[in-house]
Amino acid sequence: MSEKRLVAELRTSDFGTRGSRRLLRAGRIPAVVYGKGEPLHVTVDAREFNYRKSGFGESTLIVLEVRGEKEHEVFVKTYQEDLLRNCVHHIDFYEITRGQAVRTHVRVELTGTPIGVKAGGVLDQVIHEVEIECLPKDLPEIFTMDVSGLDMNESVKLAELPCPENVKILGDLEVTLATVKPVKVEVEAPAEEAAADAAAPAPESK
């Protein structure tokens with residue numbers, strides 16, 4: 001389980017669209033903490049969050065230090081981002097309870113070069129993340145699977161993904177996780193056929 005810390009401040013006023021814009025101009029991102037009781041409105045430093053957001057996945061436990069409040073253990077559930085300006089406008093955190101199972105998504109990473117790829121095929125990763133259920137203390141940051149032994153036209157199922165004993169993968173375990181496929185090559189018409197088509201007289205117009 002990956003655990004990180006992030007400092008936040010309570011947001012007790014200046015709500016609404018205009019208030020959010022003022023916060024963003026001041027370098028703060030409005031955010032809401034869900035999961036326990038009433039939603040908690042906070043703000044976080046925009047520069048810090050934008051710099052660290054690539055490491056805040058749904059399987060990353062964050063200790064949110066709210067000034068003047070207690071600490072909250074949360075995940076980043078979603079955030080609204082302006083891709084052109086590379087900035088975040090709003091964040092939704094989800095608070096967890098120690099000892100209580102959580103459901104979240106964990107990224108799947110394939111390692112190794114399959115035999116079939118060395119023979120000229122291509123590796124197609126069908127599933128890039130899986131939904132799981134487990135206690136927060138057992139939460140894996142990422143799933144990895146070695147596909148070096150995968151030959152041409154062979155595949156692996158989700159059920160074959162190495163998974164810790166205390167983690168339950170949700171969904172259909174019989175679905176394909178990854179497969180090696182031959183490269184599709186379009187067959188071109190023989191040169192003589194192409195030449196004959198070019199030499200054929202155009203139909204007379206009536």
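These questions and answers walk through a predicted model of one protein chain.

Me: How many helices and strands are there in the chain?
Reply: Start with the overall make-up. The chain has 206 residues. Its secondary structure comprises four helices and 13 strands.

Me: What share of the residues in the chain is buried?
Reply: A residue counts as buried when its relative accessible area is under 20%. Apply that cut-off to the 206 residues of the chain, and the buried share is 35%.

Me: How much of the accessible surface of the chain belongs to carbon and sulfur atoms?
Reply: Take the total as the base. The accessible surface comes to about 13000 Å². The part that belongs to carbon and sulfur atoms is 49%.

Me: Among contacts between residues at least 6 apart in sequence, what share joins residues at least 24 apart?
Reply: Contacts between residues under 6 apart are set aside here. Of those that remain, the share joining residues at least 24 apart is 64%.

Me: Where is A26 in the chain?
Reply: Look at the elements on either side. Helix α1 covers residues 16-25, and strand β2 covers 28-34. A26 therefore falls outside both. Its place is the loop between α1 and β2.

Me: Is A26 buried or exposed?
Reply: The relative accessibility of A26 is 59%. The cut-off for exposed is over 50%. So A26 counts as exposed.

Me: What is the distance in space between A26 and D45?
Reply: In sequence, A26 and D45 are 19 residues apart. In space, go from C-alpha to C-alpha: 9.3 Å.

Me: How many disulfides does a search of the whole structure find?
Reply: A disulfide needs two cysteine sulfur atoms within 2.5 Å. For C134, the nearest cysteine sulfur is that of C163, 8.5 Å away. Neither C134 nor C163 is in a disulfide. The search of the whole structure finds zero.

Me: Why does C134 count as buried?
Reply: Buried means under 20% relative accessible area. C134 counts as buried because its relative accessibility is 3%.

Me: What does C163 count as, by its relative accessibility?
Reply: Partly exposed lies between the 20% and 50% cut-offs. C163 has 32% relative accessibility, so it counts as partly exposed.

Me: Which backbone oxygen does the side chain of H90 reach?
Reply: H90 is found in strand β6, residues 87-95. With a relative accessible area of 19%, H90 is buried. Beyond its neighbours within four places in sequence, H90 contacts several residues, including I29, P30, A31 and Y79. At 3.3 Å, its side chain reaches the backbone oxygen of P30.

Key: Residues numbered from 1 in each chain as written. Predicted model: local features only at pLDDT ≥ 70, side-chain atom pairs only at ≥ 80, totals over all residues. Heavy atoms only, no water. Helix = DSSP H or I, 4+ residues; strand = E, 2+ residues; numbered from the N terminus. Buried < 20%, exposed > 50% of the residue type's maximum accessible area, 1.4 Å probe, protein only. Polar contact = N/O pair within 3.5 Å; in protein donor to acceptor, adjacent residues only side chain to side chain. Contact = heavy atoms within 4.5 Å. Areas by Shrake-Rupley, 256 points an atom, 1.4 Å probe, with all protein chains shown as cover.
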